[in-house]
Amino acid sequence: MDLQNFYRGNEFEAYEFLGAHPDKKGTWFRTFAPSAKSISVIGEFNNWTDQYMNRSYDGNFFELYIEGAKPSQMYKYRIEGANGAVVDHCDPYGFGMELRPDNASIIRNLDEYKFTDAAWMKKRTTAKDKPLNIYEVHLGSFMANPDEEHGWYNYKDLAPLLIDHMKENGYNCIELMPISEHPSDESWGYQNTGFFAPTSRYGTAKDLQEMIDMFHKNNIYVILDFVPVHFAVDGYGLANYDGTHLYEYPHDAVGVSEWGSCNFMHSRGEVRSFLNSAALYWLKEYHIDGLRMDAISRIIYWQGDERRGVNGNAVDFIKTLNTRLKKEFPSCILAAEDSTNFPGVTKSVSEGGLGFDYKWDMGWMNDTLNYMRTDAPYRPENYHKLTFSMMYYYDANFLLPLSHDETVHGKATILQKMAGGYDNKFPQGRTFYTYMMTHPGKKLNFMGNEIGQLREWDEKREQDWMILEYPKHDEFHKFMIDLNNLYLQSSALWEKDFEEDGFEWIDCHQEANCIYAYKRSSTKQELVTIINFSDQKRDYYMPAENLKKKSYSEVLNSDWIKYGGNTEEKAARHAVKDGYVQITLPAYSAIILK
């Protein structure tokens, strides 16, 4: 490891030096703790008795080689800090950890598993002109394992269940909520103690590598939720690691996040090198296809508050990180969860941007869901909530997210958000999802959305798969399967996602009727979507001056009987006559024509 790069924040492979590295006879242990008075290694290999590490290199590092220490054995660093306190810590660069509430690190050999996904790695792209339909998953609550105490499946045992479900339901990318080790189930992985350790809830590093390999064999992207802003306060983790604020700010005004966790001090080069190395580690050692980076607004602005100004050191960090990741892995996907209007988030760093491939379109999500909560009589005055997204759409490469955050904390699930009573939620949900899947931008849905789950997500319970026994949910599920697969198969819905000639309004001034009409185009295809968000049947004359064809056929109608609607499925054709296409739109319905 280059020490100058490490201190300057330009090191990306610090994990190859720091942490626990086994060989045939024993293991090297190394840690960075400049203010520590002394550090010993305690573990299974020495009956948890102190073996003191040597201060080495420039005096800021400690290291020790221990014969007989081998993979799968547990260890901790016992640190006498600058403040005089003696605390047992897990290894900041440890590759494995015990199941909570225990917290020892575990020696792992990352070379034990041999990937077989060379063909996938060679052909993968950032999907700018390809379909990207993301299924966001919390591994512990997708499906319960009846044979395990906590109900968890092992990584490699869960993979076939997820793969079968995703392929049936038309998803080609899985986004894993954070799987870095974390002490509290309720944090969902967003408050980490082991940034290099796959959570032991679901198995070992090798198990996770095998899981990702299986996804790649089935042509499914794997994106990991990565948390570069904050970390858990637990005393055995990064907090006060060497008896000082080594990773976190010393002042609560900027050192404590809104979630009660410790904010990383991005002004320190050692901290930036830690995070750089963690990000690269998942891409390199686990063949992860991309990172969704959490809470980027808190990187851009102090505490995420624009009034506090830009956090220049953190912005520089993210630019350096993204530049190097794209240099090493040009085809990896970097997505920002960002609700700000900060310019250039998805521009390259060389063009003055932050270097992300995609940005979550939080404005689209909030406006659309607010519209769908609005009772039908009041939708005309809110009509342009659904046209506003295209006013700014080409400012960035957007991804449309309906994530876990929209299904918890009293917000209600997506289908439950639809206005009106139980019976009205299903036709509106079908109409809403047609709008989402035909709107420009890549797609993300949280698990359970595809079956119309009405219970808010709980990390301790599996999804309510039994609701598919009820006809309305089964019909809704069939609709979502067909809609998702139509998206995957239709180049008009993704080839020109970020080109202005890929989308065109046909009619966006039907305020009183709550009707919207637009077309999506690719080099080979044109699709037309007409949506009626009102609670009334409409006979609509759609302007045809910008349409290429003389007649169109229905490829999907959200009101078909098989989806729970009232319209018979047939080879319906709609001809252009006198400059219009006349079409009957049932209440709360959407039709896609080709």
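A polar contact is a pair of N or O atoms within 3.5 Å; within protein, one must be able to donate a hydrogen and the other to accept it, and residues adjacent in sequence count only if both atoms are side-chain atoms. This is a predicted model, where local features need pLDDT of at least 70, side-chain atom pairs count only at pLDDT 80 or more, and totals for chains, interfaces and linings use all residues. Residues are numbered from 1 along each chain as its sequence is written, and side-chain values use heavy atoms, with hydrogens and water left out.

**Exercise 1. Examine helix α3.**

Task: Compare the expected span of helix α3 with the distance between its end C-alpha atoms.

Solution.
- Step 1. Helices (H or I, at least four residues) and strands (E, at least two) are DSSP runs, numbered from the N terminus. Helix α3 covers residues 155–169, which is 15 residues.
- Step 2. The expected span is 1.5 Å times one less than the number of residues. For α3 that gives 21 Å.
- Step 3. The end C-alpha atoms are 21 Å apart, so the two values agree.
- Step 4. Look at the start of α3: a side-chain oxygen of Asn154 comes within 2.9 Å of the backbone nitrogen of Lys156.
- Step 5. Just past α3, Gly170 has a positive phi of about 80°.

**Exercise 2. Find the buried side of the chain's cores.**

Task: Which residues of α3 are buried, and what covers them?

Solution.
- Step 1. Buried means under 20% relative accessible area, exposed over 50%, partly exposed in between (1.4 Å probe, protein chains only).
- Step 2. The buried residues of α3 are Tyr155, Leu158, Ala159, Leu162, Ile163, His165, Met166 and Asn169.
- Step 3. Their cover includes β10 (133–137), β11 (173–176) and α4 (205–217).
- Step 4. Take Phe215. Beyond its neighbours within four places in sequence, Phe215 is in contact (heavy atoms within 4.5 Å) with residues including Ala159, Leu162, Ile163 and Met166.

**Exercise 3. Account for the cysteines.**

Task: How many disulfides does the structure hold?

Solution.
- Step 1. A disulfide is a pair of cysteine sulfur atoms within 2.5 Å.
- Step 2. The count is zero.
- Step 3. Check Cys90: the nearest cysteine sulfur belongs to Cys262, 13 Å away. Cys90 is buried, at 1% relative accessible area.
- Step 4. Check Cys514: the nearest cysteine sulfur is that of Cys508, 14 Å away. Cys514 is also buried, at 1% relative accessibility.
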